[in-house]
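Open the model in your viewer and keep the selection box at hand. We will go from stop to stop, picking something new each time and looking at what is there.

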Amino acid sequence: MSTLKENRLWRIITSPSRMMLTVAGVVILVSVVRQFTGISDITSPGAAGATIRFTIPLLMAGLGGLWAERSGVINIGLEGMMILGTWFGAWFGYLYGPWVGIFAGAVGGALAGLLHAILTVRVGIDQAVSGLAINLLGAGTARFLSGVFFIGAGGDVNVSPQVKSISSFTVPGLSPFLTSLGQKHILVISDVAGVVAGFITSINWASLVMILALPLTSWILWKTRFGLRMRFCGENPSAAESLGVNVYRTRYIALAVSGALAGLGGAYISVVVTGNYLEGQTAGRGYIGLAAVIFGNWQPAGVLAGAALFGLTDALRVRQSTSVHALLLVVIVLAAVYSLTKLRKKDWKGFGINLGIAVFVLAYYMINKVVPDEFVTFFPNLTTILVLAFLSQKLRPPAMAGAPYRKGEES
Amino acid sequence: MQKKTLGRALAGAVAASLALSVVSLNGTAASAAPKKLVGIAFDLGGKEQPGFNQLAYIGFKAFLKTHPGWAEKDLQGNAADTDASRAQRLKLLIAAGANPVVVVGYSYENALKAVAKANPKVKFAIVDDNIAGAKNVEGLLFKAEQGSYLVGAAAALSSKSKSVGFIGGVNIPLIQAFEAGFKAGVAKIDPTIKYQSAYASNPPDFSGFNAPDKGHESALGMFQNGADVVYSAAGSTGQGAHKAAFEQKKWSIGVDADEALYASNAPYKTAILTSALKNVDVGVASFLSDVVANKFTPDAHLFDAANGGVGFTTTGGYLSADIVAKVKALQKQIASGAIVVPTDPKTVTLPQG
C-alpha cells in the first residue's frame, strides 16, 4: 500500500479536491470544443442517454466479473452467462411480461454461474477451461432451446417473438427545463444541463434497477461481513479456511451472483433494448466486461469507468461520427497541458513525447475531416491495453484469483 | 462363457440390423422413383424469417413446386460459423447427393472456393458474390445500389426537414454500395439535403448486421440531429432503426425484402416508409431453371432494374402517388442506362447533417 500512496499520479486521482478540479477542467474543455466546432451532439441529452443504454450491459458483465474474481475465481464464462440471460429474458418475457423476463434472465445466468462453481470449486477443473466451456455451452444451449421453443411461437432458430416493453420515466419540470437550457449553447452551463437532462429524460425503469447493482455491490463487498469474507477468499483462501470461513460455500454464492449479474446484463439487451432475442446479439460484451474489471482495478467505481468508456465511444460513434473528430481537440489540449507540467519539472523526455503527441494529433485534425471508424471502434480496447501496459504496477488484482484451491491444502 | 454368448448375441443383432437396413433401402428404392436432390445452405438468419434467406427459399420452393422430380435438402447457418464449418455444411449437402447446390451469402466465399474445386461435377450458385475462374459456380450478383438509389429518391421527396440518414451494417464495399446508391438518389432530387451516415461495426467484426441496439441509438442520434428519414442497410440492425422512427414519429426505410411484413417489425410497421428490394428469389429461380435446361454458365450473373432484380415497395401507402410516379420514372431511366448509379459513396457529396 505504501508504494501506492507515494505514487504521484495515484495521489492526484484520489485527492478529492484535485479530482473535482480535473473534472471541472475537462468539462470546460469539452464545452469550449463544442462551442468552437459547433458539433453539439457531444453533450446532448440524446448522447448521454445512449451512453447509459450502451454502458449498462457492460457494467453488469463487469460487476459479474468483479464478484467472481474478488472471491478468487476467474470468470471467462461471462459471455455464455449473458447469452443465457438474453434467451431466458426473452422467452419468459414473452410468456409472462418483461419484468418476469428480467428476473428469469438473472436466474438463467445464475444457473450457469453455479455450474461454473461446481466445475471449478468442487471438481477442480481449470478456471479458464471451465469458463470457455460455459461460453460454448451458453451459445449451444440457447440455439437448441430456440429451436425447441421459438419455432411455432412466431420466432425461428435464432430469433424470439417480441417482448412487451418496459415503460420509461422522465423527471417532470426539470427535464424539459434542462433540455431547453442545453439547446441554448451557453458555454459550460448548456453542456452540463444537456448531460444531466440525458440522465433524467426517458430513463427506462429497468435501467434504474440495474444501476442499483453498483452501490449494492460496493456496500456488500466493503461494508458487510460476507463481503469481507469473500474478499478474504480471493486474497488467501487457506488462511480464510483456517479462520473458519467456508471458502467453498462463499465461492458458490459469489459465482451464482456473478452469473446472475451477467444474466441481468443479457436480459437488459434482449428485453429492454431490442425487445426480442437474437442469436449473437451479446457480441462479445462478456469479454469487454472482463476488460472493464481490469481497467477498473477490481473496484466497483473503476468497473463503471471502464464500462462507460466503451459505452461512450459506441454512443458517440453510432450517433454522429463528427463528434469523435471534435473530441480530438480535447486530446490535443490535454496532451499540451500535460507536456507543460512535464516542462515545469524539467522532464525533457516527457515534455517532448507529450508535445509530439499534441502536434501529431493537431496535424491529423487539420488534414482529415473524420477519424477512421475502424480506429474509433478500437479506441477503448487500445486504452485498456495502455492501462495494462503502463499501470500494471499499480493494478491490484485479488492475490489468489485464478489459483486452484483444495480444502485443507496449503496454496 | 456368459461374455461369449453376449458377444454372439450382439454380432447376431448387428448382422440382422444390417440385413434389415439393406432390405429397407431396397424397399424405398422400389416404392418411389429416385428423386434428384437440390441443396441449399443458408446464411445466419432463419429460412422462415423474412430477409434474404427467406427470399432465396421462396425462389427455391417455387422451383420445387414446378419440378416434382426434385427433392430438397437445406441446412441453416449459425452465429458461430467459421469457414471450416461452412465448408463442412456444403460437404454434407454434396454427400447427401445434392446437385445443384444454392449457397446463400458472400460469407460462404472461402468455403465455396475450396469445396467447388474439390467437387467439379456439382453445380453451385452463390448469392451476393462471384467466384471468378470457378467453372462450376454461378455468381448471383444484385445491383443493390440501384434499389438504394430508388429509396434515396423516395427519402429525399418525403423529407420535410430536408435532412436524411444512412445506417450501414458493416463497413465493407458491399454495404458501401448501398450507401452510394442512396446518397446518389438523394442528391438527384435535391443536392442541398443534409446527410448523416454511420456503420454499426467494422470488419472483421460482423456483429453490425445483428445489432438492433446500435441501429436504435444510431437512428435516434440522426433524428435528434435533424433527420426525418433514415435508411438502414444492416440486416436485423434495421429493426432498431424502425423502433427509433416509431418512437420519434419519423420515417425508416427497410432493405432487401419488404420489411413492413416482418413479424419482428410488426409493432413499428407504421414507421416504415418503403423498402429497397433485392429480389434474391428471382436470381435463385433463374439459376435452378438454367441448370435443368442445361443452360448453366459459370461466372457472374447480374440482376438489376432492367430484369426485375431490384425495386422498392409501397406497402402501407405512405409514399404519395406523385412520389411513386417520380421514383418509377427514375427506375425506368436506370433500366435504360440513362442513369448510372455509383458504388462508391465518396463520389457523391452532400452537406454534412
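Two strands pair if DSSP finds at least two bridges between them. Keep that idea in mind for the first stop, and remember throughout that this is a predicted model.

**Stop 1: a pair of strands in chain B**

Select residues 163-170 of chain B, which form strand S6, and add residues 194-201, which form strand S7. S6(B) and S7(B) pair in the parallel sense, over 7 bridges. Now zoom in on B:Ile167: which residue of S7(B) stands opposite B:Ile167? The residue to highlight is B:Ala198. Next, show the surroundings of S7(B). Because 7 of its 8 residues are buried, S7(B) is largely enclosed by the rest of the structure.

**Stop 2: where chain B meets chain A**

Colour the two chains separately. On the chain B side, 34 residues are in contact with 32 residues of chain A. Which elements of chain B give two or more residues to this side? They are strand S7, which you have just seen, and helix H7, residues 212-224. H7(B) gives the most, with 9 residues. If you colour this side of chain B by class, you will find 10 nonpolar, 20 polar and 4 charged residues.

**Stop 3: chain B as a whole**

Hide chain A for a moment and switch to a cartoon view. Chain B has 10 helices and 12 strands. Of its 353 residues, 52% count as buried. Among the contacts in chain B with a separation of 6 or more, 71% are between residues 24 or more positions apart.

Now give each domain its own colour: domain 1 covers 36-142, and domain 2 covers 144-278 + 310-347. Their C-alpha centres lie 28 Å apart. The contact between the two domains takes 8 residues from each of them. On the domain 1 side, the largest share, 3 residues, comes from helix H2, residues 52-66. That side divides into 5 nonpolar residues, 2 polar and 1 charged.

**Stop 4: helix H2 of chain B**

Select H2(B) and look along it. This helix has 15 residues and reaches 22 Å from its first C-alpha to its last, close to the 21 Å expected at 1.5 Å a residue. Its buried residues include B:Phe52, B:Leu55, B:Ala56, B:Phe60 and B:Phe63.

Pick B:Ala56 and show what surrounds this residue. Not counting residues up to four places away in sequence, B:Ala56 touches B:Ile40, B:Val102, B:Val104, B:Val127, B:Val280, B:Asp281 and B:Val284.

**Stop 5: the largest nonpolar core**

Bring chain A back. In soluble globular proteins, nonpolar side chains tend to be buried together. Here the largest nonpolar core has 202 residues, and B:Ala56 is one of those with the most contacts inside it, along with A:Met60, A:Tyr268, B:Val103 and B:Leu112. Which helix gives the largest share of this core? Select helix H14 of chain A, residues 247-274, which provides 16 residues. Domain 1 and domain 2 of chain B both give residues to this core, so it lies between them.

**Stop 6: a covered helix in chain A**

Select residues 285-295 of chain A, which form helix H15; 10 of its 11 residues are buried. Among them are A:Arg285, A:Ile288, A:Leu290 and A:Phe295. What covers the buried residues of H15(A)? The cover includes H14, H4 (45-70), H5 (78-96), H16 (300-319) and H19 (373-391), which are helices of chain A. Just after H15(A), find A:Asn297, which takes a positive phi of about 55°.

**Stop 7: two single residues to finish**

Stay in chain A and select A:Ala213, which is found in helix H11, residues 213-223. Is A:Ala213 buried or exposed? With 21 other C-beta atoms within 10 Å, A:Ala213 is buried. Leaving out residues up to four places away in sequence, A:Ala213 touches A:Met60, A:Leu63 and A:Leu261.

Then go back to chain B and pick B:Phe182, in helix H6, residues 173-189. This residue is buried too, with 34 other C-beta atoms within 10 Å. Beyond its neighbours within four places in sequence, B:Phe182 is in contact with B:Ser148, B:Tyr149, B:Val151, B:Gly152, B:Phe166 and B:Tyr231.

Technical notes
Residues numbered from 1 in each chain as written. Chains lettered and ligands numbered in written order. Predicted model: local features only at pLDDT ≥ 70, side-chain atom pairs only at ≥ 80, totals over all residues. Contact = placed C-beta atoms within 7 Å. Helix = DSSP H or I, 4+ residues; strand = E, 2+ residues; numbered from the N terminus. Nonpolar A, V, L, I, M, F, W, Y, C, P; charged D, E, K, R; others polar. Domains from an automatic or database assignment. Expected span 1.5 Å × (residues − 1). Buried ≥ 20, exposed ≤ 12 C-beta atoms within 10 Å, placed from the backbone. Core = buried A, V, L, I, M, F, W, Y, C linked by C-beta atoms within 7 Å.
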